[in-house]
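Below is a short note for a colleague going through this structure. Please read the points with the sequence and the model side by side.

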Amino acid sequence: MPFEKFLSSFDPETGEVTGARITKRYLSELRGCFADSAAYEAALALADPLLYSVSTVDYAAGEGDLGYAVGVLMPGRIGPEYYMTKGHLHAWREAAEIYIGFKGDGVMLLQAEANGDRQMLPLRPYQPIYVPGHTAHRTINTGTVPLIYIAIFPARAGHDYAAIATKNFRQVVIEQGGQPVVLDRAEWLSTRGSR
Ligand code: S6P
Ligand code: ZN
């Protein structure tokens, strides 16, 4: 059975993937991601919850190879800002990726590295999101249950967290009147500062 190793399985209800490599991210690892740093430090002083786990399946690491990851992002907020992933560019910038939601309500922020073009897109079942190369991407849970999604990417893609951490995403997704809204990060911070 030469291709048996290429069959894997996951549970779209729990995000569990048989035999996967698991990465867990806690609140303390997202310093600098949330716009309201005072709210972040206050939350972290109380607890350091698990924000998300990512189960990655690698088949091979060659030029044309693919891998996938299933993410489980918890519901919650820091101040009005929803729980999110760190967000990254791919170390191999040309690498694109496809995301598909399985369960829960979420969005993605995409931001082009070259010119800062940016947009929030819904992350839902049956609506794959194509993340082109050279595009920073962050996943956000805007709902009340764990957000479960799959990401399929070139095996060589890798992660570059530093480049976007320095510049940061220009948009924030916050809860207003029970609804997620996307706002310009700098404008939102200046509004809050003037209160
Ligand atoms: C990898 C892919 C995902 C993310 C995961 C967590 O290219 O985009 O597997 O790694 O959604 O996000 P982050 O920003 O913490 O890596
Ligand atoms: Zn990625």
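The points cover the metal site, one threonine beside it in the discussion, and the salt bridges.

1. The model is predicted, and side-chain atom pairs are counted only at pLDDT 80 or more.

2. The zinc ion (ligand 2) has His88, His90, Glu97 and His137 as its protein donors, at 2.1 to 2.2 Å. The three histidines bind through NE2 and the glutamate through OE. Along the chain the donors are spaced H-x1-H-x6-E-x39-H.

3. What is the arrangement around the zinc ion (ligand 2)? It is octahedral, because the six donor atoms subtend angles of 73 to 174°, and six donors qualify when opposite ones are over 155 degrees apart and all others between 65 and 115.

4. Two of the zinc donors can be described by their accessibility. Histidine 88 has a relative accessible area of 8% and is therefore buried. Glutamate 97, at 4%, is also buried; the cut-off for this label is under 20%.

5. Threonine 135 belongs to strand E10, which covers residues 135-141. With a relative accessible area of 9%, threonine 135 is buried. Its side chain reaches two backbone oxygens: that of proline 132 at 3.1 Å and that of glycine 133 at 2.9 Å. Leaving aside residues up to four places away in sequence, threonine 135 touches His88, Leu89, Leu110, Gln111 and Ala112. One of these contacts, His88, is also a zinc donor.

6. How many salt bridges are there? The count is nine. One of them pairs lysine 103 with glutamate 13, with 3.1 Å between the closest N and O atoms. Lysine 103 is in strand E6 (residues 97-103) and glutamate 13 in the segment before strand E1 (21-26), so this pair ties together parts that are 90 residues apart in sequence. Lysine 103 is partly exposed, at 31% relative accessibility.

7. Glutamate 29 and arginine 25 form another salt bridge, their closest N and O atoms being 3.3 Å apart. Is each partner buried or partly exposed? Glutamate 29 is partly exposed at 31%, whereas arginine 25 is buried at 16%.

8. Arginine 156 is bridged to glutamate 63, with the closest N and O atoms 2.9 Å apart. This pair links distant parts of the chain, 93 residues apart: arginine 156 sits in the loop between strand E11 (147-154) and helix H2 (162-167), and glutamate 63 in the loop between strand E2 (50-58) and strand E3 (66-73). Arginine 156 is partly exposed at 34%, while glutamate 63 is exposed at 61%. Elsewhere, Arg93, Glu113 and Asp160 are joined into one network by salt bridges that share partners.

How values were computed:
Residues numbered from 1 in each chain as written. Chains lettered and ligands numbered in written order. Predicted model: local features only at pLDDT ≥ 70, side-chain atom pairs only at ≥ 80, totals over all residues. Heavy atoms only, no water. Donors = N, O, S within 2.8 Å, 3.2 Å for Na, K, Ca; no water. Tetrahedral: all angles 85-135°; square planar, octahedral: opposite > 155°, others 65-115°. Buried < 20%, exposed > 50% of the residue type's maximum accessible area, 1.4 Å probe, protein only. Helix = DSSP H or I, 4+ residues; strand = E, 2+ residues; numbered from the N terminus. Polar contact = N/O pair within 3.5 Å; in protein donor to acceptor, adjacent residues only side chain to side chain. Contact = heavy atoms within 4.5 Å. Salt bridge = Lys/Arg side-chain N within 4 Å of Asp/Glu carboxyl O.
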